[in-house]
Amino acid sequence: PWLPFVASARPCGEAGVPSRFPMSACSHIGRSCAFPSTAELKVLSWNILAPRWVDYSRYGHVERGALQWDSRRVGIIAEITRTDADIVCLQEVEGVLFEEQLFPAMVSLGYHGVVQKDPKRSSDHPGNATFWRDEMFQLEAEVSRSRTLMTLLTDASKRGIAVVNCHLEGDPHQASTRVKQLQTALKQVASMEHHALVVLGDFNCDLRTSASAAYLAFGSVPDGVQEWGRDVPPAAGEVPGHGYSLSSAYNVDSGDEFTFTIRGTSVWFLDQLWHSPSALEAVATRSAFHGPEHRTAILDRGLPSADDPSDHLPIAAAFRWTSTSLPSLATAGAAAVAPAPAAPAHALEREAEELLAACPISEAQCAEWLRVTTLPPSLPRGGKPAPEQLAAMKELQRQKEAFLAEVGEDARAMLLRAQQLSRKARKS
């Protein structure tokens, strides 16, 4: 079943917790900590908030001076310098600022880079930019799509690493579009000779439960995935699959890590970092926060701020190569998998029953849940309910919402998922 995965924040050096969701079990360090000396490849991703998207009414909690690009640029370059990553992927980079400011600054730090080229947009429209340490990598190929920038880099050992820098569709209702954008990018990458793959950037959907995360994790979008509290449309499951085996570098808990917020009231982990574990073993992921005080301050004041120059927080991970001689991933990437077939009704009902049995609620609460989710008897098939039946249904819905408000987040997710499965079973 597709459930939010659960982990807890850990101090520098403590091992991660495995989960059913494909993730790397590695250490999770504070943002101020240095990556372990065993790291051979360090990667940073950050949506830096394009100046043209700075809305002073939206960011009214921030002093105007802190929102000025010249002020924010200093903080962005300082963060990149401090992270000391070998590959840096940025989103919302304006073309003119790339050419005149960011590229020269990155060259002075030992990087080379390219910016996304979209002939349908003006040259200064925000796009993605990928930088790499000049002494480590050579650029073999670059391909731009509307929402992704793909680069193929080779190191001194002739190992090719394909980097897919993403800023996926931002409309919350367009889950299928985001999946299609990933599919198009991976199909393009599969035509390149490469041994490792990294897919990262601003996905505009939460890592914990979304169609995009499911697509990368399982090769296609399975039945029953939810995104932003809604069922993912069937079109997402119809997008052709990919043949890569990918893992999320991050293992996050909704109460600990997040990468995006405005005023601190709602938080999401929108920025994701996926990798091919057959070639790249995750050594460590870096927290979005310098420490508990930093996290608390962000929740109090929101993003951006004088200390945090974007409405997103940077994510970073370190890897080591699994071998000096690796097989090509091009064949595997080209081997698309078929969308997952729909499960039979009895399997859906059994899964719903197992979820309900495992749900952390009492027997009395379970009986109450079944009561408020059972429709009134003798509802007309395909017809309009009588006024008294309609009133009864509305009252049950009100009681259901009140019940869900009283239980914990994990129980709420499991109950809603069980109800969803039961509905699908009845329709099968």
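**Salt bridges and burial**

Me: Which is Lys42, buried or exposed?
Reply: In this predicted model, local features need pLDDT of at least 70 and side-chain atom pairs pLDDT 80 or more, while totals for chains, interfaces and linings use all residues. Residues are numbered from 1 along each chain as its sequence is written, and side-chain values use heavy atoms, leaving out hydrogens and water. Buried means under 20% relative accessible area, exposed over 50%, partly exposed in between (1.4 Å probe, protein chains only). Lys42 has a relative accessible area of 17%, so call it buried.

Me: What residue does Lys42 form a salt bridge with?
Reply: A salt bridge here puts a side-chain nitrogen of Lys or Arg within 4 Å of a carboxyl oxygen of Asp or Glu. For Lys42, the closest N and O atoms of the pair are 3.3 Å apart, and the partner is Asp84.

Me: How many residues apart are Arg178 and Glu227 in sequence?
Reply: Their side chains meet in a salt bridge, at 2.5 Å from N to O. Arg178 sits in helix 4 and Glu227 in strand 10 (DSSP runs numbered from the N terminus: helices H or I, at least four residues; strands E, at least two). So the pair ties together parts whose separation is 49 residues.

Me: What is the relative accessibility of Arg178?
Reply: Its partner Glu227 counts as buried, at 4%. Arg178 counts as buried too, with a relative accessibility of 0%.

Me: Which strand holds Glu281?
Reply: Glu281 forms a salt bridge with Arg320, with the closest N and O atoms 3.1 Å apart. Arg320 lies in strand 15, so the pair ties it to a part 39 residues away in sequence, where Glu281 lies in strand 14.
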